[in-house]
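Trainee: Please pick one part of this structure and take a close look at it. Then carry on through the rest in one connected account.

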Amino acid sequence: MRAEDTPLIRLEDYRPSDWLIDTVDLDISLAPQQTRVRALLGLRPNPAGRPGAPLILDGDELALSAIKLDGAALDASAFTAGPQSLTVHAPPQRGFTLTIETVLDPSANTKLMGLYRSSRVYCTQCEADGFRRITYFLDRPDVMSVYTVRLEAAKAEAPVLLSNGNRVATGEVPGSDRHFAVWHDPHPKPAYLFALVGGALDHVRADYVTADGQQVELAVYVEPGKAGRAGWALDSLVRCMRWDERVFGRNYDLDVFNVVAVSDFNMGAMENKGLNIFNDKYVLADPQTATDGDYASIEAIIAHEYFHNWTGNRITCRDWFQLCLKEGLTVFRDQEFSADERSRPVKRISDVRTLRATQFSEDAGPLAHPVRPRAYKEINNFYTPTVYEKGAEVIRMLKVLIGADAFKRGMDLYFERCDGTAATIEEFLACFAETSGKDLSDFARWYEQAGTPTIVASGRYDARAKRYTLDLAQTTPPTPGQTTKQPVVLPVALGLVGKGGDLPLTTGSAAYAGDGLIVLDQPSLSVVFSNVAEAPIPSLLRGFSAPVRLELDLSDADLLRLFSADSDSFNRWQALQSVATRALVAAGRPGTDPATLLAKANEIAGALDRFLREQGLADPAFAAQVLRLPAPADIAREIGGDVDPDAIYGAHRSLSGAIGQVLEATLVGLRDTLATKAAYAPDAASAGRRALRNEALGLIAIATPEMGARLVEQQFSSADNLTDRLAALAAMTLIPGEARERLIERFAALYADEPLVLDKWLMAQALIAETDTLDRVKRLMQHKAFSLGNPNRVRALIGGFAANLTQFNRADGAGYEFVADMVIALDRTNPQVASRLLGSFKSWKMLEPARKDLARASLALVARTPGLSRDVADIAERALA
Ligand code: 0A1
Ligand code: ZN
């Protein structure tokens, strides 16, 4: 496939389906190589479609074995069947049934779309368009059907048989070693939410009663022997179900809710109705095999998939252009849940770090696209940080702009009005326009316009008139296909910080919405505050109220004052990050005097020292975030062009090392104070203490490697949990030498039977910023822990390498060549994993000219490879454009 040959699907070409499928009866007889699928579809013409239209069903690599219309065999001339479609030329213009039989080979399905086998477990993945790999269908989200599914399998091979909805029958197949289960899902759903699971699985279960009194059986299914690791997922499920009842008034709506963990999965997890299927990485946890970060991710992703039951399943998307309708909103909901369960400011900081690292970089490169794209060639390439994370930011801004009360009423209206439908962004926004009485047509531009806006801000204080004037201007840089940009509606939460804290805000400006909020909805504006008693320091974008870059010309001294005095925790953290970023941006450019960076290191270290001594123990999770400098990749993005990754990494190391040296005594003392004899517990407070200890360990390792290595050894040997062991390993990867290699071996031996832990081991090595890392990665590909067939292994080792700023971007281009070769190899078996890996090239255009040429050459090599999947061809084409 060449990308030029693939049709572009456009939002403006949307039209309703000519046919509807009200009911689907599936009879699936599972067998490893020959699974038989009989689908009985209840069809009728769509009153909103074109009368007399043929019936064209989607397929993907299918083979038809039988077809009947209203129970009678169809004449061969009445239909045309191929691997990619099935057309009934002149279907009756009334309701009728179609029976379709196909035969599948789940064991040969390496794409992990449709029905496949993972470690002897049958499972499905149908979003976005995998159902058409099971049977011919109108595989589009606005065709919604009621499903009844009969599953049959050998009892020994698949004692557990699950599908969507409620189980209505089970039994033996007489005269055989097989059994069956029948599932019925009363809620009409699009095909992408269909799922089945069959296998020998253990489970943990709990009874749940919804706020409106419905009994629900909850269960988490895992590979045999792993039930001891399923408790946290189940616990998270119960907590998020209660939270959704309390905060969004949403109750669950079936008698059962099942979660299944599988070990081969292209993404994180999937919200199939009543039967969520997960990458086992986001289910399995115990203190020995999961880190604090894993516990937090499991909680968040369990919640995310559960929350989809209302935002995604009960109300789904009319078409795939509306993907953000379910994804942005559901990410917003899971972020809020985690913020309530843990620390809100710390959650916000970590979400903003992710947003900047993944979405801002996407927005700044050739793969930039709007939150709601207008055209695509391959929808699977649009499950992006822009659709998910920026999509969530848009919802967050909406809430800030219309206020919590109108937002809540808007959500209620949306749930009431759109329940059971396949909706659009316009329908969603209309609910909030109605409850807030505001015109949201300008706000809607957030869905259409790609690129990260920049706000340029400056302030002037007139001491005589006691007036402070704040000038704000916005611009959005051009992105592919969008050369000119319109202003967007930007909520700018702010405070004016005086010596004794926030000053009262008095202004007659129409842009001031009260409660410390300016709405910047034009190219520029000025807001004049009166009765300002002293020269203030502006604290802008509090809580990161809009997903933008901010250019505000504050001195480092003012920023350090905000760091110590701002009432907004996010901006306290941001202030110190800004000081460090500025220093690193300057040092990352050629020709800067190293002495300047060292002077800055002392200044930053002084502020940190005070902070750690006075407040480090008050909120260790926050302190850990403060101690973590912006990553080298953040600095590269900030520089934006002619980037030399080695110079940036070098500056980063120098700054960290210098800060670490000044702070040594404080860090060591803090580590001692935070050490605990209590057994591991995954709660946020305990995790925060470990995070701070381990952040300190990393700095010590860079600043004083001998002491670092000693502390690492101690920590590794005495730790009772993976979080501390892995942090020790990560710190040791910063210290070249024999001791590091020995620790790497020790870790591998300890976790030889734990693939998910070895993924972290693979990644820690792939991230080492040294020139022999590429050879190490190639060697590790031969390790028994690695397999090109498993997406988690590939993401850990190859994906980890592609995220290694200095080594992926090696000056000799060998990093690009390696990743390009891997993309080409993976594309033959799993195009989705291959195209995601190719996405690692998304920032190539900001590099200095020599690297840029090398990166372009590797991308071009991929692009001209014969037989590419649509997934990879699409990314290669857009990345090169
Ligand atoms: N809807 C899922 C994401 C998802 C998308 C595609 C997949 O196919 C491989 C799998 C999962 C979510 O948002 O969690
Ligand atoms: Zn989702």
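**A lysine in a helix, and its wider setting**

Mentor: Lys347 is located in helix H4 (residues 344-363); helices (H or I, at least four residues) and strands (E, at least two) are DSSP runs, numbered from the N terminus. Residues are numbered from 1 along each chain as its sequence is written, while chains are lettered from A and ligands numbered from 1 in the order in which they are written. The model is predicted, so local features need pLDDT of at least 70 and side-chain atom pairs count only at pLDDT 80 or more, whereas totals for chains, interfaces and linings use all residues.

Lys347 counts as buried because it has 21 C-beta neighbours inside 10 Å. The cut-offs are 20 or more other C-beta atoms within 10 Å for buried, 12 or fewer for exposed, and partly exposed in between, with C-beta atoms placed from the backbone. Setting aside neighbours within four places in sequence, Lys347 is in contact with Gln335, Ser338, Ala339 and Arg342; contact requires C-beta atoms, placed from the backbone, within 7 Å. Gly516 is 169 residues apart from Lys347 along the chain, and 22 Å separate their C-alpha atoms.

Lys347 falls in the range of domain 2 (317-550), which is listed with domain 1 (9-308), domain 3 (553-703) and domain 4 (752-880). These bounds come from an automatic or database domain assignment. The centres of domain 3 and domain 4, taken over C-alpha atoms, are 30 Å apart. Between these two domains, 11 residues of domain 3 are in contact with seven residues of domain 4. On the domain 3 side, helix H13 (632-639) and H14 each supply at least two residues. That side has six nonpolar, two polar and three charged residues, where Ala, Val, Leu, Ile, Met, Phe, Trp, Tyr, Cys and Pro count as nonpolar, Asp, Glu, Lys and Arg as charged, and the others, Gly among them, as polar.

H14 (residues 645-674) also gives 10 residues, the largest share, to the largest nonpolar core. That core has 265 residues, of which Val197, Val260, Val283 and Leu797 touch the most other members. A nonpolar core is a set of buried Ala, Val, Leu, Ile, Met, Phe, Trp, Tyr and Cys residues joined through C-beta atoms within 7 Å. Residues touched by Val260, not counting those up to four places away in sequence, include Cys123, Leu162, Val197 and Phe278.

Some backbone angles deserve a look. Most residues other than glycine have a negative phi, and most peptide bonds are trans. Leu541, in the loop between strand E32 (537-540) and strand E33 (549-552), has a positive phi near 60 degrees. With 24 C-beta neighbours inside 10 Å, Leu541 is buried. Arg120 also has a positive phi, near 70 degrees, and sits in the loop between strand E10 (114-118) and E11. Arg120 is partly exposed, since 15 other C-beta atoms lie within 10 Å. The peptide bond from Glu127 to Ala128 is cis, with omega near -5 degrees.

Glu127 is also one of the residues that come nearest to ligand 1, along with Gln125, Asn266, Met267 and Met270, out of 13 around it. Near here means a C-beta atom, placed from the backbone, within 6 Å.
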